[in-house]
Amino acid sequence: MTVFQGPSGNASRRTFVAAVGAAGLSAALAACGGSKDDSGGKKGDVLGATSDIPEGGGKIFADEKVVVTQPRKGEFKAFSNICTHQRCPVASVEGGTINCTCHGSKFDIADGSVRHEPATKPLPPKKITVSGGKIKLA
């Protein structure tokens with residue numbers, strides 16, 4: 001058996017490979033944004049003006065981890081901006097769908113339901129209030 005000299009003494013090749021592999025996995029998960037916290041902004045945070053949200057479209061608020069849509073004039077909806085397939089942030093709102101470019105999932109702007117796989121679960125709704133032309137997290 002080959003022995004590697006480490007800072008704390010001798011270690012087997014298996015121990016060395018396991019340690020290096022675990023460190024690499026941790027780095028890869030961190031780079032992929034492996035955080036499970038989708039909370040985003042805080043209650044009362046102003047996302048923007050209603051005039052910022054196009055009718056039949058929407059706008060992504062990446063820092064707050066929310067996408068706000070206006071499926072019909074004066075009707076505003078909000079959803080998590082994290083795709084339910086493999087947790088990539090969604091990238092655009094076009095053609096009546098919220099779109100994730102990582103693997104092609106598409107979600108309906110009216111209810112967050114899946115319009116195109118590979119995602120199989122809808123985007124979770126977020127609570128908002130609309131008052132005085134401003135959209136806030138509720």
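1. Let's start with the disulfide count: this predicted model holds 1 disulfide. The partners are Cys-88 and Cys-102, whose sulfur atoms lie 2.3 Å apart. The link is left-handed, with -105 degrees about the S-S bond.

2. Where do Cys-88 and Cys-102 sit along the chain? Cys-88 belongs to the loop between strand S6 (75–80) and strand S7 (92–94). Cys-102 lies in the loop between strand S8 (97–99) and strand S9 (106–108). The two are 14 residues apart, and the pair links distant parts of the chain.

3. The two ends of this bond are worth viewing one at a time. Cys-88 has a relative accessible area of 16%, so it counts as buried, the cut-off being under 20%. Cys-102, at 38% relative accessibility, is partly exposed.

4. Please also look at Cys-83, which takes part in no disulfide. Its nearest cysteine sulfur belongs to Cys-100 and is 3.9 Å away. Why is there no bond here? The sulfur of Cys-100 has that of Cys-83 as its closest cysteine sulfur, but 3.9 Å is too far for a bond, because a disulfide requires sulfur atoms within 2.5 Å.

5. Are Cys-83 and Cys-100 buried or exposed? Cys-83 is buried, with a relative accessible area of 2%. Cys-100 is buried as well, with a value of 4%.

6. To recap for a first look at the model: Cys-88 and Cys-102 form a disulfide, whereas Cys-83 is in none and has the sulfur of Cys-100 at 3.9 Å.

Notes:
Residues are numbered from 1 along each chain as its sequence is written. This is a predicted model: local features need pLDDT of at least 70, side-chain atom pairs count only at pLDDT 80 or more; totals for chains, interfaces and linings use all residues. Side-chain values use heavy atoms; hydrogens and water are left out. Helices (H or I, at least four residues) and strands (E, at least two) are DSSP runs, numbered from the N terminus. Buried means under 20% relative accessible area, exposed over 50%, partly exposed in between (1.4 Å probe, protein chains only).
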